[in-house]
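Hi,

Here is the structure I promised to pass on. Have a look at it first, and then read my notes underneath.

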Amino acid sequence: MSFLLPEAGLLFWMLIAFGVVFFILYKYGFPVITSMIDERKKFIDDALHNAKLANEKLAGIEEQSRQILEKANAEQVKILREAVVVRDNIIKEAHEKAEAESARIVATAREQIRQEKDEVLREIRAQVAELSLAIAEKVIRKELSDGNVCDEYMNTLLDEAFEAPKDKK
Amino acid sequence: MRGIRNILIFMFLLFAAPSFAAGHSSTSDKIDVKKVIFEHVKDTYEWHITTVGEKHVAISLPIILYSNRTGWEIFWSSVFHEQESYKGFYISYMGDNEGKIVESDGNGGERRPLLDISITKTVLSVFISSLLLIVIVLFTARWYRRHDADDKAPRGFVGVMEMLITMVVDDVIKPNVGKNYKRYTPYLLTAFFFIFLNNLMGLLPIFPGGANVTGNIAVTFALALCTFIAVNFFGNKEYYKEIFWPDVPIFLKLPVPMMPIIELFGIFVKPFALTIRLFANILAGHTVVLAFVCIIFITMSVSKYIGTAMTFVSVVFTIFMNVLELLVAFIQAFVFTMLSSVFIGLSQPEHHENKH
């Protein structure tokens, strides 16, 4: 059963060899590697974290810009609507003014026409009166030379004159 | 075309092997399979590589002895090629000390010298793989020293090393050892790569591989001893309290300290389990591969035709076993590291009071 008995010499050399290997690797080998791997892991984690933050920030900025755009759009709609109102008002006002003006002009024109008509009527009346006087003069002058007719006529006039006050009553 | 050529070469090798074996078997009629296998897996004083004709090609190794009779003695193992004994020392060929250097004890018997720290085949193999491991890890560490954390991850060989290291640290050491894992990481990584490399070297058929290093109980015992030290010398107060004054009903502790004895026993069982598990697995692997190779020689001595047919079977099985051993090489290194991590983790218990 020599297989199951550890040989002292081999054990001795094995412990020395393994000890030396362990010491060298402990000093210059594995800690360098493992610490670097940890560092890289940390770096990757940080990078991922930062990327996530940046993404979130970007999403925030996008949201913000969207909001600004929305606000601007709303503002634009509002301004347009106001402009329409203002325009309508202006047009309406202008209409009203024009109407009033035209009405005024028409009224003035009408007044003038009336005045002119009155004046013309007055003149016509005056002339008619003059003409009738003239005609009456001529008629009278002719009638007076013809006695009967004159008397008859005088009688009708007197009748009318007497009857006229009765009508007035 | 290349595929066909490879197949042709493979066939040629298949048919070359039995003819070589036939030539070999003619010199000695019967093959002692047990002896052949034992010679391959045992530790020897010289590194036998091959035999060309009658000439042995072997690496001569220094033998270092201390005996009460002669004091310190250092000489090359090749002296035994020319003479049976050297200054009263000779290699025993039978009995308990078979294959070991012995001297006469004066009463007709033989005894081992007081100290035998010869550089044997296994020791040289340990040295070679230690050197290789240091070179590999320092080469890997050099890459990390020359790069920053924000550089690209390594590729090629360094990338493979990083993958292995990350796997062992994240899957084995961190979950098993607990929050103090950083302190033990260098040791556990060293153990993992040392075992893994030695297992792989053992699978190489010729020098500088082929020695049965991790299948030798002294090697696994030394490794388990290191874990034992890591567990018991760095265990915290809680750990020792659980051993000598465990949390069990008082009659189990007084007047007969039953539980403490069991716990104390457990301290030594743990490294023993580590020792045997690794040693037995690797030794068995080597033995099976060698046994399959020996099938060629056994059947060849029976009949040339059966031998030729069996060669094919045996080569296929040997390849299969070698691939399986590749897996075992990794698994055993992994298991050793994991059990060591678990034992170390057990030596760092949290405060019990907090859990209740």
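Below is what I found, starting with how far to trust the model.

Keep in mind that this is a predicted model. Its overall scores are ipTM 0.82 and pTM 0.74. Chain B has an average pLDDT of 82, and 90% of its residues score at least 70. One stretch of chain B to treat with care is residues 18-28, where pLDDT stays under 50. For that stretch the model has 14 contacts beyond four places in sequence.

Next, the two chains. How many residues of chain A are in contact with chain B? There are 32 of them, and they meet 38 residues of chain B. On the chain A side, the residues touching chain B split into 26 nonpolar, 3 polar and 3 charged.

Now zoom in on a pair of helices inside chain B. Helix α4 covers residues 121-145 and helix α6 covers residues 181-203. Their axes come within 10 Å and cross at roughly 120°. An angle from 65 to 115 degrees would count as roughly perpendicular, and one over 145 as roughly antiparallel, so α4(B) and α6(B) are oblique to each other. The crossing is right-handed.

Which residues meet there? From α4(B) you get S125(B), S129(B), L132(B), L133(B) and V137(B), and from α6(B) you get F193(B), F194(B), L197(B), N198(B) and M201(B). In this contact between α4(B) and α6(B), 7 residues are nonpolar, 3 are polar and none is charged.

Try finding those side chains in the viewer.

Cheers

How values were computed
Residues are numbered from 1 along each chain as its sequence is written. Chains are lettered from A and ligands numbered from 1 in the order in which they are written. This is a predicted model: local features need pLDDT of at least 70, side-chain atom pairs count only at pLDDT 80 or more; totals for chains, interfaces and linings use all residues. Two residues are in contact if their C-beta atoms, placed from the backbone, lie within 7 Å. Ala, Val, Leu, Ile, Met, Phe, Trp, Tyr, Cys and Pro count as nonpolar, Asp, Glu, Lys and Arg as charged, and the others, Gly among them, as polar. Axes are lines fitted to C-alpha atoms, for helices over the stretch in contact, and angles run from 0 to 180 degrees between N-to-C directions. Helices (H or I, at least four residues) and strands (E, at least two) are DSSP runs, numbered from the N terminus. Angles under 35 degrees count as roughly parallel, over 145 as roughly antiparallel, 65 to 115 as roughly perpendicular and the rest as oblique. A crossing is left-handed if the near helix is turned anticlockwise from the far one by less than a right angle, and right-handed if clockwise. pLDDT is the predictor's confidence in each residue, from 0 to 100.
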